[in-house]
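Q: I'm new to this structure and would like a close look at one part of it. Could you walk me through a single residue and the strands around that stretch of chain?

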Amino acid sequence: MNIILLITLVASARYVATEEVVTDTGLDIVDLADRLGFYSYLLAADETNLTDTLRSASNITLFIPTNEAFLSLSQPTRDIWAADIKFYTRLMKYHVIKGAYMAADLLDEHLYDTLDNSLVRIDSYNSSQPTPFTDYANSRIIQSNFRATNGFIHVIKDVVLDIEDRTILDWVAENKNLSLFFNGTTIVPSVQALLNNAMAPFTLFVPTNKAIDSLPKGTWERLMRDPTSMTDVLNGHIVNETFYSNGLVKGDVLQTVNKLAKLTVGLQGDKLFINTAQVIQGNNGALNGVIHIVNQVLLPKISS
């Protein structure tokens, strides 16, 4: 079975929506997934020689994408998988965590060990949401608590396409379009330490070089000579929790690390705004949170 056939299978899962624990059927995770109709992931497991591992592993939790999620993958994604079996294998393992967890036992902002031996974050959104929900690496859990003999299956809406193994600081440093913001962090060791802390969750709204260049002439240059004021500015772009876009609601007010600066969430159609800045590239996952690229600098009050 090749990857192209895997992705083009007809999507027809037999699962039903439930929040109750399914009675133990005596089936391992592979056979249970087969009975529930998740053929696309099972074919991916065959492609990556993962099937026997899933059968023999004890106490695991599989976050399984729907068949429709596999069918919606773009051709470039399929080509990457076909060309890089090692990455494809890692990605399928990344959908499985060590330990058998019911949905209610998954902890918000907690990092879990995957079969890939990397870490993945769980995010729960409750406070301002009409209906609370939980995400696995920014893929919403839409059904949960299917019990197998060796663990649980939870259904997620999308295939997770990236392994989030870089910190926010690493991610920004590797993006040439964000070099001015990164340069700003080099004069504030406390901000670099914050964004490089692999365990603590943050959301960074980072302005592009173009956004920084559009400030009044000399503004950024003056900040580069003033670490105190630069600290205030940089901290005004950082929020002490993980907020992917689907966890943000119009009117939400986010407290930043700079205690003087709060950010207000706005929505215009499908466009997301933070204060007056538009998010132009959102939901860039990192080991310690998420990065949203914005088209304006978020200027707070600056220390004198």
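A: Here is a tour of one glutamate, followed by some strands and ring pairs.

First, some ground rules: this is a predicted model, in which local features need pLDDT of at least 70 and side-chain atom pairs count only at pLDDT 80 or more, while totals for chains, interfaces and linings use all residues. Residues are numbered from 1 along each chain as its sequence is written, and side-chain values use heavy atoms, with hydrogens and water left out.

Let's start with glutamate 164, which sits in the loop between β7 (151-156) and α8 (168-173). Helices (H or I, at least four residues) and strands (E, at least two) are DSSP runs, numbered from the N terminus. Glutamate 164 is buried, meaning under 20% relative accessible area (exposed is over 50%, partly exposed in between, with a 1.4 Å probe and protein chains only). Even so, glutamate 164 has no salt bridge, which would take a side-chain nitrogen of Lys or Arg within 4 Å of a carboxyl oxygen of Asp or Glu. Arginine 121 has the nearest side chain of opposite charge, 6.2 Å away; Lys and Arg count as positive, Asp and Glu as negative, and His and the chain ends are not counted.

What glutamate 164 does have is company: leaving aside neighbours within four places in sequence, its contacts (heavy atoms within 4.5 Å) include Leu119, Ala137 and Tyr244.

Two of those names lead us to the strands. Leu119 falls in β4 (residues 119-125), which runs antiparallel to β5 (residues 133-136), with four bridges joining them; strands pair if DSSP finds at least two bridges between them. One partnership here is serine 124 with threonine 134 in β5. Next, two bridges join β5 to β6 (residues 139-148), again antiparallel, and tyrosine 136 is partnered by serine 139 in β6. Alanine 137 belongs to the hairpin of β5 and β6, with two residues between the strands, and takes a positive phi near 50°.

Now for the rings. Tyrosine 125 and phenylalanine 133 form a tilted aromatic pair, 5.2 Å centre to centre with 45° between the planes. Rings of Phe, Tyr and Trp (its six-membered ring) pair if their centres lie within 6.5 Å; planes under 30 degrees apart are stacked, over 60 edge-to-face, the rest tilted. Tyrosine 125 is buried at 4% relative accessible area, and phenylalanine 133 is buried at 6%.
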